[in-house]
Amino acid sequence: MRPQDRWNEKAGLISKSYKLKRELTEEFAEACDSAGVSQAGQISKMMRAFIEEVQVQA
């Protein structure tokens, strides 16, 4: 096991793969760069907000 794999496992990080339109992902990358935020951080933030929204509706 690579050191990076061990660190990811310890930190609870996993890799997910989604198929998205190229134009959307490129625009998202540009927007994240403009805002000075990481793509992974922004995706995590949006996922958390969606989870909380769904939980409130339930």
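**View 1. Valine 37 in the loop between H2 and H3.** Valine 37 sits in the loop that links H2 and H3. The model shown here, and in every view below, is predicted. Valine 37 has a relative accessible area of 35%. That value makes valine 37 partly exposed, because buried means under 20% and exposed means over 50%. Aspartate 5 is 32 residues away from valine 37 in sequence. In space, the C-alpha atoms of valine 37 and aspartate 5 are 24 Å apart.

**View 2. Helix H2 and the glycine that follows it.** Helix H2 covers residues 22-35, 14 residues in total. At 1.5 Å a residue, H2 should span 20 Å. The C-alpha atoms at its two ends are 20 Å apart, so expectation and model agree. Glycine 36 follows H2. The phi angle of glycine 36 is positive, near 70°.

**View 3. Glutamine 39 in helix H3.** Helix H3 runs over residues 39-57 and includes glutamine 39. Is glutamine 39 buried, exposed or partly exposed? Glutamine 39 is partly exposed, at a relative accessible area of 37%. Threonine 25 lies 14 residues from glutamine 39 along the chain. The C-alpha atoms of these two residues are separated by 9.8 Å. Threonine 25 falls within the residue range of H2, 22-35.

**View 4. The salt bridge between arginine 2 and aspartate 5.** How many salt bridges does the structure hold? It holds one. The partners are arginine 2 and aspartate 5. Their closest N and O atoms are 2.9 Å apart, and the cut-off for a salt bridge is 4 Å. Arginine 2 is exposed, with a relative accessible area of 52%. That value counts as exposed because the class begins over 50%. Aspartate 5 is partly exposed, at 29% relative accessibility.

**View 5. Charged side chains and the exposed surface.** The protein carries 9 positive and 9 negative side chains. The centres of the two sets lie 9 Å apart. The protein exposes about 5,700 Å². Carbon and sulfur atoms supply 55% of that area. Buried residues make up 3% of the 58 residues.

**View 6. The whole chain, as context for the close-ups.** The protein has three helices and zero strands. Along the sequence, the pattern reads α-α-α. What radius of gyration does the protein have? The value is 15 Å, whereas a compact globule of 58 residues would have one near 10 Å. The C-alpha trace spans about 40 × 35 × 25 Å along its principal axes.

How values were computed: Residues numbered from 1 in each chain as written. Predicted model: local features only at pLDDT ≥ 70, side-chain atom pairs only at ≥ 80, totals over all residues. Heavy atoms only, no water. Helix = DSSP H or I, 4+ residues; strand = E, 2+ residues; numbered from the N terminus. Expected span 1.5 Å × (residues − 1). Rg over C-alpha atoms; globule rule 2.2 N^0.38 Å. Buried < 20%, exposed > 50% of the residue type's maximum accessible area, 1.4 Å probe, protein only. Areas by Shrake-Rupley, 256 points an atom, 1.4 Å probe, with all protein chains shown as cover. Lys, Arg positive; Asp, Glu negative; His and termini not counted. Charge placed at Lys NZ, Arg CZ, Asp CG, Glu CD. Salt bridge = Lys/Arg side-chain N within 4 Å of Asp/Glu carboxyl O.
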